[in-house]
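Here are my notes on the model you sent over, as numbered points. Have the structure open while you read.

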Amino acid sequence: MRPLSKRRLATWAAAVVAPVLLLGAGVGAVAQADGKGDGRGGDPVVQSQSGLVRGVATPQFDQFLGLPYAAPPVRDLRFAAPAAPESWRGIRSADRQSPACLQFEPTGIREEQAVSEDCLYLDVYRPRNVAKNAKLPVMVWFHGGGHTQGTGVIYGGGTMADKTDTIIVSVNYRLGALGFLAHPALSAVTNGGSGNYGRMDQLASAQWVRDNIANFGGDRNNVTIYGQSAGGQAVCDMLAMPAAKGLFHKAIVQSQQCLATRNTLAAGEQRGVGFAESVGCTDAATVVNCLRAAWPAKLIANQANYLGNSKVGGSLLPKSFPDALADGTWNKVPVMTGTTRSENRLTETALAGITAQGYVDTIKREYGDKADRVLELYPLSKFKSPWDAITQVHTDAGRACLTERAAQVISTKTPLYRYEFNDPTSPTLYGFRVPGEDVSNGHSGELAYLFDFTLGERPLTAQQERLSDQMMRYWGAFAHNGNPNYRGAPAWPTYGDENVLQLRTGGASRVINTFSADHNCGFWLS
C-alpha cells in the first residue's frame, strides 16, 4: 500500500510503541482459561490440541476468535520459526480477536486497532448447528498489505460460512522485518533459512488446521488456501513449498501473479546486514541477541533497510513457483485467480493531481521509445482525468496483464478459473479516498464482497450485496469441489480460450474473451 518516508515512519512508530508493549500483557490475559466447563447459553465448546475452547454462537454462525496456532514470537522466539502454543487447563474463551501483528506501515488497519508482537492467532467461523461428524470444506485466508501491514482480524468469515456451508479461517502472520528479515547469523540458527518467518507462520497455521479442524466440523482433506495481494503471494509460495504438500487441495490467488521474480535468500542476507547495523546491531558475535532485544520503534523506523517479502533459496522455499511449475515439483491443485478492473487506483494515490502535461512527461520518462505507442493506446480523451489514465496504464502494464500471462501458463498444468472484478461503484478502503477522483475497482475492491470486512470506506449497497452473495457462492463452490459453478449463477468455464468471468453488479456478471484486448496485453506482454 502507500509508501511512507523515514520521518513519517519514525513518528508513527513512536506513537504505537507504547500500546504495542502494553498489549503484549493483554494477550496473556485473554489466553487464561476460564475453567467453567460446558458452553454457556448454547455457545459451542470444541476440543483443540491445546485444550478446550468456547466460541460464540450467533443466529447465523459460530465463531472462535483469537485461537493461538503458535507461541508468542517474542524474546528468544523473535526472528525464529514459530513454536507450538502452550496448552491450558479448563476452557479457554474464544470470544475476542487478537491484536494485529506489529505494523510496519500504518494504512492497513484503523487507528483504534490493537497491535502487538504477540499476534500469532487465527479466527475460525463455521455454520450454526454443525453436525459432530461433519466434514465441511475449509478455506484458510492470508491477508494482504505488502507484507508490512494489515491483519486477519478485519476479515470476518461468518456470512460466507453460513451461505456456503464452509469453514473460514483467517490468519495473522508476522509482518515487516519481524516476518521477513534475512541475515547470515539468523540463517545459522533457523532451520530452513532466515527471511521467511511470516511464511513459516502461514505454514504453521495450515498445520494447525490439519491437526485441529476436524473437531470444528471441517475436512482436513478438503482445504483451500486463498489470499489477496501479499496474501496471494503467500499462496503462490505455498504452491512451491515442499513442506506445504498435502496441507491444501485448492488455491485462490487474488490480485497477485505467481510468475513474478522473488528475492533470493543471499540478497536478503546481504541487505539484512545493513538493516542490523541501522538498528545498532553491529557485532557479528551478538547480532542475533541484539536483534531479538531491539526496541520495536527502531525496527519500524528502519524498515526500508531490509529486503521485504519472501526469500527463495533456503530449505523452506528452495525454488520459486515458476521453477517448481516448470520442473513439476509444485503442489499441483486447481487454481482460481483474478484481478480488479483498475488495480492501481488504490496503490498510486500519491499521483493524484497529476496534470495532462505531467501524464505525458511520466509516460515518456517511464516507457522511453515505447512512449508514443502508450500515449496512442491510452489517450487522455478516453479517461476521466490524467490520474485515471496513468493508473490504468500502470494497472494494465502490471497486475492485469501479468496475471493474464500467469493464467496462460498455469492453465496448461491444472484446471484454472479466471475472473475480473468490475463494479464501477465499489467502495475503496478506509483512508484511501482520493478527493475528486474515482477509486472504484481499485486494488482490494473485491474484499468487502467476500468478507464481513471492517476496513471498507462505507457499507455495500443492496445491489452490491447481491453481487457479494454471488461471489461468496462462487468461492464457496470452488472450495467444495474445485469448480466455482453453482445452480442459478452465470456459467463460469475454465480459462481455456481466455475465458474470464467478469463480476458485475445488477446481475450483469458474464464471461468475456476480450480481457487481453481490453487491457492491451498484446502490447504489454510483447
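1. Start with glycine 144, which sits in the loop between strand 9 and strand 10. This is a predicted model, by the way. Is glycine 144 buried or exposed? Its relative accessibility is 5%, so it counts as buried, the cut-off being under 20%.

2. Now look at what surrounds that glycine. Setting aside neighbours within four places in sequence, glycine 144 is in contact with Gln149, Gly150 and Tyr155, and also with Gln228, Ser229, Ala230 and Gly231. For a sense of distance, try proline 318: it is 174 residues from glycine 144 along the chain, and their C-alpha atoms are separated by 23 Å.

3. Histidine 147 belongs to the loop between strand 9 and strand 10 (155–156). Check its backbone: phi is near 65°, a positive value in a residue other than glycine. Histidine 147 is buried too, with a relative accessible area of 4%.

4. Serine 229 came up above as one of the contacts of glycine 144, and its own backbone deserves a look. Its phi is near 60°, again positive in a residue other than glycine. You'll find serine 229 in the loop between strand 12 (218–228) and helix 6 (230–240). With a relative accessible area of 8%, serine 229 is buried.

5. Over to tyrosine 69, in the loop between strand 4 (61–68) and strand 5 (91–93). Its relative accessible area is 4%, so it is buried. Which residues does tyrosine 69 contact, leaving aside those within four places in sequence? The list is Pro85, Leu120, Tyr121, Leu122, Val171, Asn172, Tyr173, Asp201, Ala204, Ser205 and Trp208. Alanine 83 is 14 residues from tyrosine 69 in sequence, and the C-alpha to C-alpha distance is 8.8 Å.

6. Threonine 339 is placed in strand 16 (residues 335–340). Here the relative accessible area is just 1%, so threonine 339 is buried. Not counting residues up to four places away in sequence, it touches Ser255, Arg399, Ala400, Thr403, Arg418, Tyr419, Glu420, Phe421 and Phe515.

7. Zooming out, the chain has 18 helices and 20 strands. The C-alpha trace spans about 70 × 60 × 45 Å along its principal axes. Why call the fold compact? For 526 residues, a compact globule would have a radius of gyration near 24 Å, and the chain's 23 Å agrees with that.

8. Burial and contacts next. Buried residues account for 60% of the 526 in the chain. Take the contacts between residues at least 6 apart in sequence: 77% of those join residues at least 24 apart.

9. On the surface side, about 19,800 Å² is exposed, and carbon and sulfur atoms supply 50% of that. As for charge, there are 50 positive and 46 negative charges, and their mean positions are 3 Å apart.

10. Finally, a word on confidence. Mean pLDDT is 92 for the chain, with 92% of residues reaching 70 or more. Where is confidence lowest, and where is it highest? The low end is helix 1 (residues 6–30), at a mean of 37, and the high end is strand 9 (residues 136–142), at 99. Over residues 1–40 pLDDT stays under 50, and the model has 77 contacts beyond four places in sequence for that stretch.

Notes: Residues numbered from 1 in each chain as written. Predicted model: local features only at pLDDT ≥ 70, side-chain atom pairs only at ≥ 80, totals over all residues. Heavy atoms only, no water. Helix = DSSP H or I, 4+ residues; strand = E, 2+ residues; numbered from the N terminus. Rg over C-alpha atoms; globule rule 2.2 N^0.38 Å. Buried < 20%, exposed > 50% of the residue type's maximum accessible area, 1.4 Å probe, protein only. Contact = heavy atoms within 4.5 Å. Areas by Shrake-Rupley, 256 points an atom, 1.4 Å probe, with all protein chains shown as cover. Lys, Arg positive; Asp, Glu negative; His and termini not counted. Charge placed at Lys NZ, Arg CZ, Asp CG, Glu CD. pLDDT = per-residue confidence, 0-100.
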